[in-house]
Amino acid sequence: MKIHHVACLEDNYAYLIIDESTKEAAAVDPVEPEKVLKAAQEHGVDIKLVLTTHHHWDHAGGNEKIKQLVPGIKVYGGSIDNVKGCTDKVDNGDKISLGADVHILSLHTPCHTKGHISYYVTNKEGDDPAVFTGDTLFIAGCGKFFEGTAEQMHQSLCVTLGSLPKPTRVYCGHEYTVKNLQFALTVEPDNEKIKQKLSWAQKQRETGLPTVPSTIEEEMETNPFMRADLPELQVCVFSYKLITISWFSIEKKVERIGRKTAVEALSEIRQRKDNWRG
């Protein structure tokens, strides 16, 4: 099994998942179909199916076009997500085969959209598995809660995705890693793993290289949203409170605040990320 990035739009990633024994491929969120088909041609593979993570245009917007360019192609998407161009609806636990050796498991990961699907991919050769998380899980971040709740995002991140094997490679929908890690440091300023990964990610981007994939294990070490279950994070969520304003000075105080539950901590972190202008 081979996986290739295809950079699309401003900061999106589409992906090719290739079954090497048959040279058949799946395209994940091919928002720019011509670009994805060109990549498939360069790798000598035929795209047999599309895996759509959710209905937003920058993920599903190429589905109708790729159906025109590849007659008969199957387009998978969440059964309750109203995915444009979908030919085959999937629910949590549904299985899809690619070629002879690649197996795909659909995981319902709602919140960003109500029918968002992540795709967990394994093969018979025993390679490390991969999961394509769209806009639910980013490297060091998560998607906005457009159609769901903090409870749903906690279930999606910390239970559904967090229960996958730690070596599972994480392929997300956007290149947001540097900004996400910079924010993560405002939540856990003493987390050495975050500092190290931020330095690495900045070097990757300076040379034009992607920061994707990560792994589930790395996310559990560096992603504040996936660390919301940890007591040490719950007491290390920072509140920046403006306490003095005058003609001569603006003073800010940092205070530690505890949250009673992981869901409350995750919700608080999301609100702060939404308002962060770093």
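# A guided tour of charges and cysteines

The structure holds 9 salt bridges. The model is a predicted one, and the stops below take up some of these pairs before turning to cysteines, a surface patch and a loop glycine.

**Stop 1: helix α3.** Select residues 63–69, which form helix α3, and display the side chains of Lys-67 and Glu-64. These two residues form a salt bridge, with 3.9 Å between the closest N and O atoms. A salt bridge is counted here when a side-chain nitrogen of Lys or Arg lies within 4 Å of a carboxyl oxygen of Asp or Glu, and the distance in this pair is 3.9 Å. Within the helix, Lys-67 and Glu-64 are 3 residues apart, about one turn. Lys-67 is partly exposed, at a relative accessible area of 27%, and Glu-64 is partly exposed as well, at 34%.

**Stop 2: helix α6.** Proceed to residues 192–206, the span of helix α6, and select Lys-195 and Glu-192. Their side chains meet in a salt bridge with an N to O distance of 3.3 Å. The two residues are 3 residues apart in this helix, so about one helical turn separates them. Lys-195 has a relative accessible area of 35% and is partly exposed; Glu-192, at 45%, is also classed as partly exposed.

**Stop 3: helix α9.** Next, select Glu-268 and Arg-272 in helix α9, which covers residues 262–275. The side chains of this pair join in a salt bridge, at 2.3 Å from N to O. Along the helix the partners are 4 residues apart, again about one turn. Are the partners buried or exposed? Glu-268 counts as buried, with 13% relative accessibility, and Arg-272 is buried at 18%.

**Stop 4: a network.** Select Lys-197, Glu-218 and Glu-219 together. These three residues are linked in a network of salt bridges.

**Stop 5: the cysteines.** How many disulfides does the structure hold? The number is 0. Select Cys-8 and Cys-172 to see one reason: the sulfur of Cys-8 has its closest cysteine sulfur in Cys-172, 13 Å away, which is too far for a bond. Cys-8 is buried, with a relative accessible area of 1%. Then select Cys-142 and Cys-111. Cys-142 is in no disulfide, and the nearest cysteine sulfur, belonging to Cys-111, is 7.2 Å away. The cut-off for a disulfide is a pair of cysteine sulfur atoms within 2.5 Å. Cys-142 also counts as buried, at 4% relative accessibility.

**Stop 6: a charged patch.** Turn to the surface and select Glu-20, Glu-125, Asp-127 and Asp-128. Together these residues gather in a patch of negative charge. To place one of them, follow the chain from β9 (117–123) to β10 (130–134): Asp-127 lies in the loop between these strands. Asp-127 is partly exposed, with a relative accessible area of 34%.

**Stop 7: a loop glycine.** Finally, select Gly-148, which is found in the loop between β12 (141–142) and α4 (150–161). Gly-148 counts as partly exposed, at 22% relative accessibility. Add Ser-214 to the selection and draw a line from C-alpha to C-alpha: Gly-148 and Ser-214 are 25 Å apart in space and 66 residues apart in sequence.

Notes. Residues numbered from 1 in each chain as written. Predicted model: local features only at pLDDT ≥ 70, side-chain atom pairs only at ≥ 80, totals over all residues. Heavy atoms only, no water. Buried < 20%, exposed > 50% of the residue type's maximum accessible area, 1.4 Å probe, protein only. Patch = residues over 30% accessible without salt bridge, like charges linked within 9 Å, V, L, I, M, F, W, Y side chains within 5 Å. Areas by Shrake-Rupley, 256 points an atom, 1.4 Å probe, with all protein chains shown as cover. Lys, Arg positive; Asp, Glu negative; His and termini not counted. Charge placed at Lys NZ, Arg CZ, Asp CG, Glu CD.
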